[in-house]
Amino acid sequence: MQTISYKKATPVFTEEMKSTYKILIPNMLPYHFEILCEIFRQKGYDIEVLTTEDRAIIDEALKHVHNDTCYPALCVIGQFIDALKSGKYDPDKTAVLITQSGGGCRASNYVPLLRRALSAEFPQVPVLSLNFSGLEKGNGLEVDLKTLLKLAYGIFYADAVMSLYNQCKPYEKIVGQTEQVRDECIAYVKSTLCGRKCRKYKTIVKKLLVAFSKIERTNEKKVKVGIVGEIYVKYSPLANSGLEKFLYAENCEPVVPALMDFVMYCIVNNINDAKLYNHNKLVAFAYNLVYKHLLKVQRKVIRMFQETGFEPPHDFEELRRLADKVLHQGVKMGEGWLIPAEMLALYESGTENIVCAQPFGCLPNHIVGKGAARAVKALHEDVNIVPIDYDPSATKVNQENRLKLMLATARERLEEKNAGKKI
Amino acid sequence: MCYNINNFINFILEKVITMANFLGIDVGSTTVKMTIVESETKKIVYSSYERHFSRVKECVLAGLEKVRQAYPNLRFKTAITGSAGLGLAQKSGVHFVQEVQAAFVAIKKYYADADVAVELGGEDAKIIFLTGGTEQRMNGSCAGGTGAFLDQMATLLNVNVQEMDELALQAEKVYPIASRCGVFAKSDVQPLINQGAAKADIAASIFQAVVEQTVSGLAQGRKIKGKVLFLGGPLYFSKALRKAFVTTLGLDSEHAIFPENAPIFISVGAALSAKAETEYSAEELQQKIASAKASDEVARGEALFKNREEYEEFVARHKRSDLQFADIRTYQGNAYLGIDSGSTTTKLMLITEDCRVLYSHYQANNGQPLDIVVERLKEMYALCGSGVNVCAGAVTGYGEDMMKSALKMDFGIVETVAHFKAALHFNPKVDFIIDIGGQDIKCFKVKNGAIDSIMLNEACSSGCGSFIQTFAKAMDMDVESFARLGLFAPAPVELGSRCTVFMNSAVKQAQKEGASVEDISAGLSSSIVKNAVYKVIRARTPEELGEHIVVQGGTFMNDAVLRSFEKETGKEVVRPAIAGLMGAFGAAIYAKENAVNKQSSMLSKELLETFTYTSKCAVCHGCTSHCNINILTFEDGSKYVSGNKCERGAGQKPQSGDWNIYEYKYNRLLACADEKDGGRATTNGEKTWTVGIPLQLITFEQFPLWSAFFKALGCKVVVSDKSNRELYFRGQHTVASDTVCYPAKLMHGHIESLLDKGVDFVFYPSESYNLDEHASINHYNCPIVAYYGELLKANNERLNETNFLSPYVDLNERASTVRNLHKSFQGKFTKKAIDRALDMGFSALAEYHKDIVKKSDEILEKARAEKKPIVVLTGRPYHADPEINHGIGKLLNSLGIAVLCEDGVCEKAPLVEVNVLNQWTYHARMYRAAEYVCRQKDMQLVQLVSFGCGIDAITTDEIRAIMEENGKLYTQIKIDEINNLGVVKIRLRSMLAAVTEQEKGAKYDANNQL
């Protein structure tokens, strides 16, 4: 059949650019991205994570992106344009990179949206896509199997650092000690990424655990608050108005589920599709191998956490089992079944208070966030979930007031519990 | 020793006194409440209630001063609560309690037997369930159903809240009003006002809307029963609201409790929650509050003018665009009248042959536009000297048809044409026009002397212009002086641009953080402009706007808005001194240009003197829509009907459905439910299952498939009731998310209707993938369509594993589909039977698609034979539901246009490669339909977009790009539960007018080349 193309030519990231271009990436998870970037740096890319957080970012986004587009897209695109305009980077020698999931959610359209936004003022800047769905061929970073494996380990380590930091920071006796340990650990993890050393996950995780367990901590009982939601808003301080910081200031312990959960969720969706709809079984077989390996590592990490007395990451098979209680694992767009699964896992591991962070009007979240909260509550009456919408025009007072309501209930319950124990 | 004893006595005394007193300070979005509670007796010994007019700190300090004077020596355990108290507490270090929590504490203390508490505040609405599993709920980010909402609505009715309350008590009927958001409600209320519905009825409808929002939106299915406690200002002060709540919930006086101290109730809770750590004397508190610093958390923008000189240069530049005047009393010669009958204001202008102004008038129409025009015309004629000969008159705007039939005007023209005519007068080279009125924002680009593209705001961002006026009123200022304050504001605050509801709450936050009125005024102006620039125009660079920009509309009379626009776009623009009257001026020019024999058909001065009419409200029973119509009868017996969706209401024969594929499509789908070709009785005595299929979302277009499928399995197929507002209300209590699209919300009603019909099970498949039509790189459904079954299951208590089946299937893969269906039916049917039934289903679906294409071809052929213009109305299949499209197809027909749909034409187009990821089946059809329309001279495209559709934020830009690349107009219509066909009509007529102009231009070009 005849095809007519409306596709505009866009700059391509060529082999030569690798050595001469700087690649910018948005800030979603500060420690993770720092570690993952190191892997690409070693491959010769000049990568920089943007850490800007000023209001101009949103203003740029509103100017360049359809205002009904979801908040994460606005944040990411705005951050790039703001950076390119800052004068810090030479637009003729800079490329930008974002990940692309390739699912049925509109998030897989961030790359084209970014291109359109840049075309007005920075048409020369190439947009790179980091995806594992075969989209945008020839316009991504080269990711061979070895790199892939490194990335996976990197995520495990970053997850461990994030979780340990969150578990120590609220209880540290010497102010600032946790940050210090965290920085040392990140430096250490980065140093292992050279060559094959990074695969020695037992040694590396052990080291991290030992380092963090040296932090002197109080025995105080603090309110634990889990954060689930749309992947970007859940993690990025730019998008969630510094939710973790807010929780620290409120004297709480934030519990942030691992990024690896999302990676495994994406992998499992492919396996599920094959099982449900007889989709490509060979691909599924390969995914299954990867999944099995990741699960093995994850379970070992869990055991090591338990042995040191830290709250471990969630076992992914357990997450799947929990998801089944609320909805079908066929719900695979956006964060899909992972959100209710994490809500339940948090609840069962003693974090009954949960913030579901989502962009205003997020499509999958209608179903798996607000929509599923009721089903989770039906299972556990005392789970304390608050959905918070993030949007360029939402006021902070409105958000914080709802968080405060959740915290008030949380504190009351904690007091009741403590009182109960004393008796 | 002595010293020690003294010390000890003091200590004891202090202890006793401090033990005895708690102070609660509740700082809400509009008021400050203070209460002192004695700790022993829990008696309320002191309380105060003050409006703070956003001067939070001052108001709290004044309140504390009163406390200090009354109790100079006491110390108080203190806690602050309330949305505006949050910042104050943080900065002063006083203990903070969340207000719902505070309410909870107080309820437990004083009303231990209450089951539910409903609290409505200025901006927040809350429900606390106390028994049967405590639960505390707050409204989401949209502030529907709160005090702010009531204020807004009262302003719209031109009364204060108290008057609105009194009015409501005399109501006779209630209209349905969208309650989830003030902007939407306004879209429902404005037409009612314009149609002349009784104010009392509208007022009652508004209060009822608040109740609906609370009962269904906030409680979300959880029943409000038992002893119900009603708290908060609005519920205390408004009798009508209380009545509406009590009636709706069916409560008797024993079960509906309205505490005497409702307004201060939360502050009592705060007092009781006060901790020992924060214990102060009133004086200490004053110091603490006074020293609380304003935070720098409010985002700030640049000042509008650097200095006085810059401002003066600006004023001088805009002075140049003025009209000349002529004296109406002495003028001799021909004159032309223009009337712009807008939704909220009425504008008149009388001009001379050389466009000098003889008479002009601008006035809010207060729901009586016709009376105002008649009055003003009388005044005008009275002023006229004998030499003035009014040759012709044209009318434009919402009230066009009414004015035309009442006053026998010579011409009725579309607003865009009027505005364009007027702009041309000020700059013949004009290539971009933007009009910001009170309610709407309109922009158009001009190319080759014709309107090239039109951009209008959607419902969500309407009312920006009048917002500034409402706000000024609230600050006790007229809009001019309020706007002037902003001109030299040093650091305008950023107030966001999503909608007026969000802006309102941003303003309040800014005020609480100590922003000055000047900075807020400037911030508001800039927000309005940002809304226009980012959401309506959507130009990425100033160059796209053009070189010769004319700005107009009442809102641009505000210098701060004008300046913000120039700053935001980086362009110098022309603002005519009559910016607010451009519609009327344009209409007058049109009348001048088109006057044939200098003899106007308008009512003469004499006839006007005796002009009277009667107005009557009625319900049209022409079809199932049951439109609320308003009939005006004039002296000569002629009638004018408004509020009707089709000609039937006006007593005319409607256009036949033969021109409207949407009507055909809907009827064709409904026909699939017919008994005759299915439901073969099972011979072996097996049970005949009754299957309910909701005609919505995925099972809308796939209805032929599943209907035939179940019939082939020997089942009885029951289709859900037709969509309408009542059906929506029936399911509203199970809607989980306020911001989901209307088709999804309607789904809840469809499910209820099926359950009420007593089906054995409801079937709604979960399909991540739609059918692969090989026109896109993937063939997903949107997340809502794909997984709505999960949401229904989780939120409707009537559904369970056996009466609601939503198997996961990928219809492109037969084996797994059979397997998954079989599993889901739990042994009701064999795999073989399922497989065979699927064959029947697929062929029924193919048949349906074939019929749609066939009918499209028929309409096309006939339209071309009759030289009718054609519009391809493109959207999702379920937009064919008349409750979702609000009869836009019919409306197009009534304008003489044939209507096709995307799936009727898309296969005639080649495959289309687009810039975005083309991965949704339904959306891929739209790209191809767009490509097809571009190749057809006599066709236009109109895209229907559901409010809240995230994916269409992507497709609209792409389709617009396709259309514009081919030199075609792009028109988008956003639809939601509100029905505002008036706006849609203007938009469609503007499009048609632009097309005609373009064609004229093209002919002109062609002739010139010859």
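Q: Which elements of chain B are among those covering the buried residues of H17(B)?
A: Keep in mind that this is a predicted model. H17(B) spans residues 464–474, and its buried residues are Cys464(B), Gly465(B), Ser466(B), Phe467(B), Ile468(B), Gln469(B) and Phe471(B). The cover over them includes two strands and three helices of chain B, namely strand S16 (432–436), strand S17 (441–447), helix H18 (479–486), H19 and H20.

Q: Which residue with a positive phi follows H17(B)?
A: H17(B) itself covers residues 464–474. After H17(B) comes a residue whose phi is near 65 degrees, and that residue is Asp476(B).

Q: Which helix gives the most to the side of chain B that touches chain A?
A: On this interface, 67 residues of chain B are in contact with 64 residues of chain A. Elements of chain B that each supply at least two residues to that side include helix H19 (500–512), helix H20 (517–537), helix H30 (783–795) and strand S29 (911–913). With 8 residues, the top contributor is H30(B).

Q: How do the residues on the side of chain B that touches chain A divide into nonpolar, polar and charged?
A: We're looking at the 67 residues of chain B that are in contact with chain A. Sorted by type, that side comes out as 31 nonpolar, 24 polar and 12 charged.

Q: In S29(B), which residue is the bridge partner of Ser5(A)?
A: Strand S1 of chain A, residues 3–5, runs parallel to S29(B), and 3 bridges join them. Ser5(A) has its bridge partner in S29(B), and that partner is Glu913(B).

Q: Which helix supplies the largest share of the largest nonpolar core?
A: This core holds 467 residues, and those touching the most other members are Ile77(A), Leu114(A), Val161(A), Val355(A), Ala103(B) and Ala588(B). The largest share is 12 residues, and it comes from helix H6 (residues 145–168) of chain A.

Q: Between which domains of chain A does this core lie, and why?
A: Chain A is divided into two domains, the second of them written as two segments, 222–257 and 314–422. Both domains give residues to the core, so it lies between domain 1 (17–140) and domain 2 (222–257 + 314–422).

Q: Which residues does Ile77(A) touch, leaving out those up to four places away in sequence?
A: Ile77(A) is among the core residues that touch the most other members, and Leu114(A) is another of that group. Setting aside residues up to four places away in sequence, the list for Ile77(A) is Ala61(A), His64(A), Val65(A), Leu113(A), Leu114(A) and Ala117(A).

Q: Which helix gives the largest share of the side of domain 1 of chain A that touches domain 2 of chain A?
A: The C-alpha centres of the two domains lie 28 Å apart, and 17 residues of domain 1 are in contact with 19 residues of domain 2. Helix H3 (56–64) and helix H4 (71–85) of chain A each supply at least two residues of the domain 1 side. The largest share, 5 residues, comes from H4(A).

Q: What is the radius of gyration of chain A?
A: Chain A has 16 helices and 9 strands. The globule rule gives 22 Å for its 423 residues, and the value for chain A is close to that, so chain A is as compact as a globular protein of that length, with a radius of gyration of 21 Å.

Q: What percentage of the residues of chain A count as buried?
A: To count as buried, a residue needs 20 or more other C-beta atoms within 10 Å of its own. Of the 423 residues of chain A, the share that passes is 56%.

Technical notes: Residues are numbered from 1 along each chain as its sequence is written. Chains are lettered from A and ligands numbered from 1 in the order in which they are written. This is a predicted model: local features need pLDDT of at least 70, side-chain atom pairs count only at pLDDT 80 or more; totals for chains, interfaces and linings use all residues. Two residues are in contact if their C-beta atoms, placed from the backbone, lie within 7 Å. Helices (H or I, at least four residues) and strands (E, at least two) are DSSP runs, numbered from the N terminus. Ala, Val, Leu, Ile, Met, Phe, Trp, Tyr, Cys and Pro count as nonpolar, Asp, Glu, Lys and Arg as charged, and the others, Gly among them, as polar. Two strands pair if DSSP finds at least two bridges between them. A nonpolar core is a set of buried Ala, Val, Leu, Ile, Met, Phe, Trp, Tyr and Cys residues joined through C-beta atoms within 7 Å. A residue is buried if 20 or more other C-beta atoms lie within 10 Å of its own, exposed if 12 or fewer, and partly exposed in between; C-beta atoms are placed from the backbone. Domain bounds come from an automatic or database domain assignment. The radius of gyration is taken over C-alpha atoms; the globule rule is 2.2 Å times the number of residues to the power 0.38.
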